[in-house]
Amino acid sequence: MLETYTATRPDAHVDVLDLWDLQLPEMREDVLNAKYAIFARREHTAAQAAAWETVKREAARLLDYDVLLFSTPMWNWSRPYRLKHYIDVITQPGLTFKWTPERGYEGLVSGRRAIAVYASSFDYAQGSPLASFDHQKSYFEDWLRMIGINDIQTIAFGPTHPDAPAMPTAREQALTHAAAIARTL
Ligand SMILES: Cc1cc2nc3c(=O)[nH]c(=O)nc-3n(C[C@H](O)[C@H](O)[C@H](O)COP(=O)(O)O)c2cc1C
């Protein structure tokens, strides 16, 4: 997909973020207290302010881009823990959402387009026997909407299992779908 996109838009700036290589702050102590201080309208301590800088930096990196391409495997019917860690770091009051008693949650990441690519050993498409086990897409796309991204396109590749008879067709369909979306970006 990226190859088609960069061929179509050679001028585009592409930033690839590999969550396994990213130094994400631990979600404990100063980061958590910094978050709760914002909800409680308390000043950050020096340690909390320093911890919050790392969170702000990560959120700002996401906000720098107008097209966001996510690619994730299914792990135990949901997302890998590393993706959840990333979501926990950047889903923050004043950065990617706000909450008021009057209006509840409001996403702050507006004007972005997201493409979510999912892979799973088996097929979880609507109407398939395993559909109710799919907590991958619903979780991830609810999160996108919660932070304000409503323009979402989904590419699902499943089954990826090499012994599944439907695998080659599913792969072909996912690649064709991805290339078609890439040309519209
Ligand atoms: C820890 C772990 C848990 C997995 N859980 C599931 C699962 O619940 N359902 C499924 O269909 N595939 C599951 N898989 C298989 C992957 O989703 C599948 O191999 C996918 O194609 C991996 O994509 P990747 O090759 O891009 O990492 C799991 C794989 C791993 C490593």
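1. Let's start with Trp77, which sits in the loop between S1 and H4. This is a predicted model, and in it the phi of Trp77 is near 65°, a positive value in a residue other than glycine. Trp77 is also one of the residues surrounding the ligand, so keep that loop on screen for the next point.

2. Now the ligand itself. Which residues surround the ligand? Going along the chain, they are Pro73, Met74, Trp75, Asn76 and Trp77, then Ala119, Ser120, Ser121 and Phe122, plus Tyr124 and Thr160. Sorted by class, that shell has 7 nonpolar and 4 polar residues, with no charged residues.

3. A few distances to look at around the ligand. A nitrogen atom of the ligand lies 2.8 Å from a backbone N or O atom of Asn76. On the oxygen side, a polar backbone atom of Ser121 is 3.0 Å from an oxygen atom of the ligand, and a polar backbone atom of Phe122 is 3.1 Å from an oxygen atom of the ligand. How much of the ligand does the protein bury? Taken alone, the ligand exposes 640 Å², and the protein buries 57% of that.

4. Next, the pockets. The largest pocket has a volume of about 910 Å³, and 31 residues line it. Nearest its centre are Asp15, Leu17, Leu69, Phe70 and Ser71. Helix H1 (2-8), helix H3 (46-63), strand S1 (67-73) and helix H4 (81-90) are the elements that give two or more residues to this lining. S1 gives the most, with 7 residues. By class, the lining of the largest pocket has 22 nonpolar, 3 polar and 6 charged residues.

5. What about the second largest pocket? Its volume is about 340 Å³. Its lining has 21 residues, with Asp123, Tyr124, Ala125, Gln126 and Lys137 nearest the centre. Helix H5 (137-146), strand S5 (151-157) and helix H6 (167-184) each give two or more residues to that lining. The largest share, 3 residues, comes from H6. By class, the lining of the second largest pocket divides into 10 nonpolar, 8 polar and 3 charged residues. Tyr124 turns up here and in the ligand shell as well.

6. On to the aromatic rings. A search of the whole structure finds 9 aromatic pairs. One of them is Trp20 with Tyr81, an edge-to-face pair at 5.6 Å centre to centre, with 80° between the planes. Trp20 lies in the loop between H1 and helix H2 (29-39) and Tyr81 in helix H4, so the pair ties together parts that are 61 residues apart in sequence.

7. Some backbone details to check by eye. Gly158 and Pro159 are joined by a cis peptide bond, with omega about 10°. Where does Pro159 sit? Pro159 is in the loop between S5 and H6. Glu29, which is found in helix H2, has a positive phi of about 40° although it is not a glycine.

8. Finally, the overall layout, for finding your way around. The chain has 6 helices and 5 strands. From the N terminus on, the elements run α-α-α-β-α-β-β-β-α-β-α. The C-alpha trace spans about 60 × 40 × 35 Å along its principal axes.

Terms used:
Residues are numbered from 1 along each chain as its sequence is written. This is a predicted model: local features need pLDDT of at least 70, side-chain atom pairs count only at pLDDT 80 or more; totals for chains, interfaces and linings use all residues. Side-chain values use heavy atoms; hydrogens and water are left out. On a 1 Å grid over the protein atoms alone, a cavity is a set of points where a 1.4 Å probe fits but cannot get out, and a pocket is an open set with protein on both sides within 12 Å along at least five of seven lines; lining residues have an atom within 4 Å of a point. Grid points are joined across faces, edges and corners, and a volume is the space filled by probe spheres set on the points. Helices (H or I, at least four residues) and strands (E, at least two) are DSSP runs, numbered from the N terminus. Ala, Val, Leu, Ile, Met, Phe, Trp, Tyr, Cys and Pro count as nonpolar, Asp, Glu, Lys and Arg as charged, and the others, Gly among them, as polar. A residue is near a molecule or strand if one of its heavy atoms lies within 4 Å of it. A polar contact is a pair of N or O atoms within 3.5 Å; within protein, one must be able to donate a hydrogen and the other to accept it, and residues adjacent in sequence count only if both atoms are side-chain atoms. Accessible areas come from the Shrake-Rupley method with a 1.4 Å probe; for residues, only the protein chains shown count as cover. Rings of Phe, Tyr and Trp (its six-membered ring) pair if their centres lie within 6.5 Å; planes under 30 degrees apart count as stacked, over 60 as edge-to-face and the rest as tilted.
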